[in-house]
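Reader: Could you walk me through one part of this model up close, the place where the two chains meet? I would also like to hear what lies around that part and how far to trust it.

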Amino acid sequence: MANTIIGSSIVIDGEISGDEDLVIQGTVKGKISLKESLFVEGSGVVEADIETQNVEIAGRVTGNIAASDRVELKTECRVVGDIRAPRILIADGASFKGNVDMDVKER
Amino acid sequence: MPAKEFASSATGSSDNTVIGPSILISGKLTGDEDLTIRGRVEGEVSLTRTLIVEPSGIVKANVSVKNAIISGVVVGNIAATESVELTQEGRMVGDIRSPRVIIVDGASFRGQIDMGDATPRAEGATPRPALVRATVRPGVSKPAMISKPAAPLPPRAVTATRVEGTRPAPPPPPAPPVLAEAGKKKVLVKKKK
């Protein structure tokens, strides 16, 4: 279970960085950079550039995503922005607009 | 300790925000739910509910909340509509404005406290400059910078006990006796309300 949870009524305008998993149920605007996984839950709204290892999105994300491992767009998510990651999964029902770049250098 | 228990039990529910120990947030944070900080937050925090700063938490921000429970480090001003509690592990530099302020033994604090007057948030009241250093641990507290003679602090300013469910009736506002005698020369504005 992740250590950090941004609850559904929370709005953060600024920068989040850290070395642990982050669950977003609320709203984050600005920039997110993590060394672990980011989970944007169904109620989560992110208007930020994201830099992480893994991202799982079930909510709404507007911004560019760069993941060193994997990006997963789940059913009912809405994502606008460019995605750059070696592994990208888009589930049936997901909504996405933007560029996909899986041609990231092998690690 | 009670604050910790409360925090960890509250974490169980999902509509609770926790900032983990390795997380740094810089910017503005607003919300309508309890917030537990174990990491670092810089900028501005405004909540309509309770802020809990755990022992590993560091807050460099101006904070406006309903309740604040400080077990970590806070640098900045806190305005609370209800209460501010500095626990044994709490360290704070900044000003507190809150109708109830609880500073327990072992806490370290430097700054001003404004509890308003008898009625909460009485804005017309003359601000009472009060320096509270509840620190009993020797060697931890630094000498106070404030040279202004602090008004004699009513005993409720430093309460060593956690406030129980019932709030004790606040004592009447202390009349400033020193100023009253020198009132011939000093312009003491007494507001009749």
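Author: Happily; here is the contact between the chains, followed by its surroundings and the confidence. This is a predicted model, in which local features need pLDDT of at least 70, side-chain atom pairs count only at pLDDT 80 or more, and totals for chains, interfaces and linings use all residues. Residues are numbered from 1 along each chain as its sequence is written, while chains are lettered from A and ligands numbered from 1 in the order in which they are written.

The contact draws 21 residues from chain A and 21 residues from chain B; two residues are in contact if their C-beta atoms, placed from the backbone, lie within 7 Å. On the chain B side, the elements giving two or more residues are strand 1 (17-19) and strand 2 (24-31). Strand 2 of chain B contributes the most to that side, with 8 residues. Helices (H or I, at least four residues) and strands (E, at least two) are DSSP runs, numbered from the N terminus. Sorted by class, the side of chain B that touches chain A holds 7 nonpolar, 10 polar and 4 charged residues. Here Ala, Val, Leu, Ile, Met, Phe, Trp, Tyr, Cys and Pro count as nonpolar, Asp, Glu, Lys and Arg as charged, and the others, Gly among them, as polar.

Strand 2 of chain B also pairs across the contact: with strand 2 (residues 11-18) of chain A it runs in the antiparallel sense over 7 bridges. Two strands pair if DSSP finds at least two bridges between them. Within this arrangement, Ser17(A) stands opposite Leu24(B).

Now for the chains themselves. Chain A has 13 strands and 0 helices, and 40% of its 107 residues are buried. A residue is buried if 20 or more other C-beta atoms lie within 10 Å of its own, exposed if 12 or fewer, and partly exposed in between. Among chain A contacts between residues at least 6 apart in sequence, 2% join residues at least 24 apart; for chain B, 18% do. Chain B has 2 helices and 13 strands, and 34% of its 193 residues count as buried.

The largest nonpolar core has 63 residues, with Leu51(B) and Ala68(B) having the most contacts inside it. Such a core is a set of buried Ala, Val, Leu, Ile, Met, Phe, Trp, Tyr and Cys residues joined through C-beta atoms within 7 Å. Strand 6 (residues 58-70) of chain B gives the most to this core, with 7 residues. Leaving aside residues up to four places away in sequence, Leu51(B) touches Leu35(B), Val45(B), Val63(B), Val65(B) and Ala68(B).

One backbone detail in chain A is Glu76(A), in the loop between strand 8 (65-73) and strand 9 (78-80). Glu76(A) is not a glycine, yet has a positive phi of about 75°. Because Glu76(A) has 14 C-beta neighbours inside 10 Å, it counts as partly exposed.

As for trust, the model scores ipTM 0.81 and pTM 0.66. Chain B has a mean pLDDT (the predictor's confidence in each residue, from 0 to 100) of 72, with 53% of its residues reaching 70 or more. Within chain B, confidence is highest in strand 7 (residues 73-75), at 97, and lowest in helix 1 (residues 2-11), at a mean of 40. Over residues 1-14 of chain B the pLDDT is below 50. Where pLDDT is low, the predicted coordinates should not be read in detail.
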